[in-house]
Amino acid sequence: GDELFGDAVAPADVLHTELTHAIQSENGTATLRINLPFGERGDVGLKKVGAELIVSVGPRKRTIILPAALARRRPTGAKLRDGALEVSFRS
């Protein structure tokens, strides 16, 4: 911690408390909301492989293991809104 942050932050400090992603369901459509504060429309890629959702922003990738309820579904759409990527799934 000292090497990374010096005196600016104590090694035991909590630096992030927000959820990285959340799921909502309404009228047969489930939406996975993933925080992407620096994502821009042309830089974001999305791919589902089995039970994994692979999100890329430019050269960086993040793999999210989907819960069973979403793993059986396929993505039907995605949009960037308010610093987050919202991915829709239908049964």
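**Exercise 1. The helix and the surface patch**

In which helix is the place of Phe5? Determine also whether Phe5 is buried, exposed or partly exposed, and name the patch to which Phe5 belongs.

*Solution.* The structure is a predicted model.

Step 1. Phe5 lies in helix α1, which covers residues 2-5.

Step 2. The relative accessibility of Phe5 is 37%. Buried requires under 20% and exposed requires over 50%, so Phe5 counts as partly exposed.

Step 3. Together with Leu4 and Leu15, Phe5 forms a nonpolar patch on the surface. The three residues present about 350 Å² of accessible area together.

**Exercise 2. The four-stranded sheet**

Establish the strand order of the open sheet that contains β1, and state which strands stand at its edges.

*Solution.*

Step 1. Consider the pairing of β1 with β2, which is antiparallel and extends over six bridges. Within this pair, Glu26 is placed opposite Thr29 of β2. The hairpin of β1 and β2 has two residues between the strands, and Asn27 in this hairpin adopts a positive phi near 50 degrees.

Step 2. Continue from β2 to β7: these strands run antiparallel and are joined by seven bridges. Here Arg33 has Glu86 in β7 as its bridge partner.

Step 3. Strand β7, residues 84-90, also pairs with β6 in the antiparallel sense, over seven bridges. On this side, Lys79 has Glu86 of β7 as its bridge partner.

Step 4. The resulting order is β1-β2-β7-β6, an open sheet of four strands with antiparallel pairing. Strands β1 (21-26) and β6 (74-81) each have a single partner strand and stand at the edges, so one side of each is left without a neighbour in the sheet. From one strand to the next, the twist averages 20 degrees.

**Exercise 3. The surroundings of Thr29**

Is Thr29 buried or exposed? Identify its strand and the residues that it touches beyond four places in sequence.

*Solution.*

Step 1. Thr29 belongs to strand β2, which comprises residues 29-35.

Step 2. The relative accessible area of Thr29 is 17%. Because the limit for buried is under 20%, Thr29 is classed as buried.

Step 3. When residues up to four places away in sequence are not counted, Thr29 touches Gln24, Arg73, Ser88, Phe89 and Arg90.

**Exercise 4. The salt-bridge network**

How many salt bridges does the structure hold? Work out how the residues involved are connected.

*Solution.*

Step 1. Recall the general principle: side chains of opposite charge can pair when their charged atoms come close. The structure holds two salt bridges.

Step 2. In one of them, the side chains of Arg33 and Glu86 meet with an N to O distance of 2.7 Å. This pair links distant parts of the chain, since Arg33 is in strand β2 and Glu86 is in strand β7, 53 residues apart.

Step 3. Glu86 also forms a salt bridge with Arg81, in which the closest N and O atoms are 2.9 Å apart. Salt bridges that share partners thus join Arg33, Arg81 and Glu86 into one network.

Step 4. Compare the accessibilities of the three residues. Glu86 is buried, at a relative accessible area of 12%. Arg33 is partly exposed, at 30%, and Arg81 is likewise partly exposed, at 38%.

**Exercise 5. The three-stranded sheet**

What is the strand order of the open sheet of three strands? Describe the hairpins that connect its strands.

*Solution.*

Step 1. Strand β3 (residues 44-49) pairs with strand β4 (residues 52-57) in the antiparallel sense, over six bridges. Val49 has Glu52 in β4 as its bridge partner. Two residues lie between the strands of this hairpin, where Gly50 has a positive phi near 60 degrees.

Step 2. Strand β4 pairs in turn with strand β5 (residues 60-65), again antiparallel and over six bridges. Ile54 stands opposite Thr63 of β5. The hairpin of β4 and β5 has two residues between the strands, and Gly58 in the turn shows a positive phi of about 60 degrees.

Step 3. The order is therefore β3-β4-β5, with antiparallel pairing in an open sheet. Both β3 and β5 are edge strands with a single partner strand each, so one side of each is left without a neighbour in the sheet. The twist averages 20 degrees from one strand to the next.

How values were computed: Residues numbered from 1 in each chain as written. Predicted model: local features only at pLDDT ≥ 70, side-chain atom pairs only at ≥ 80, totals over all residues. Heavy atoms only, no water. Patch = residues over 30% accessible without salt bridge, like charges linked within 9 Å, V, L, I, M, F, W, Y side chains within 5 Å. Areas by Shrake-Rupley, 256 points an atom, 1.4 Å probe, with all protein chains shown as cover. Salt bridge = Lys/Arg side-chain N within 4 Å of Asp/Glu carboxyl O. Buried < 20%, exposed > 50% of the residue type's maximum accessible area, 1.4 Å probe, protein only. Axes fitted to C-alpha atoms, helices over the stretch in contact; angles between N-to-C directions. Contact = heavy atoms within 4.5 Å.
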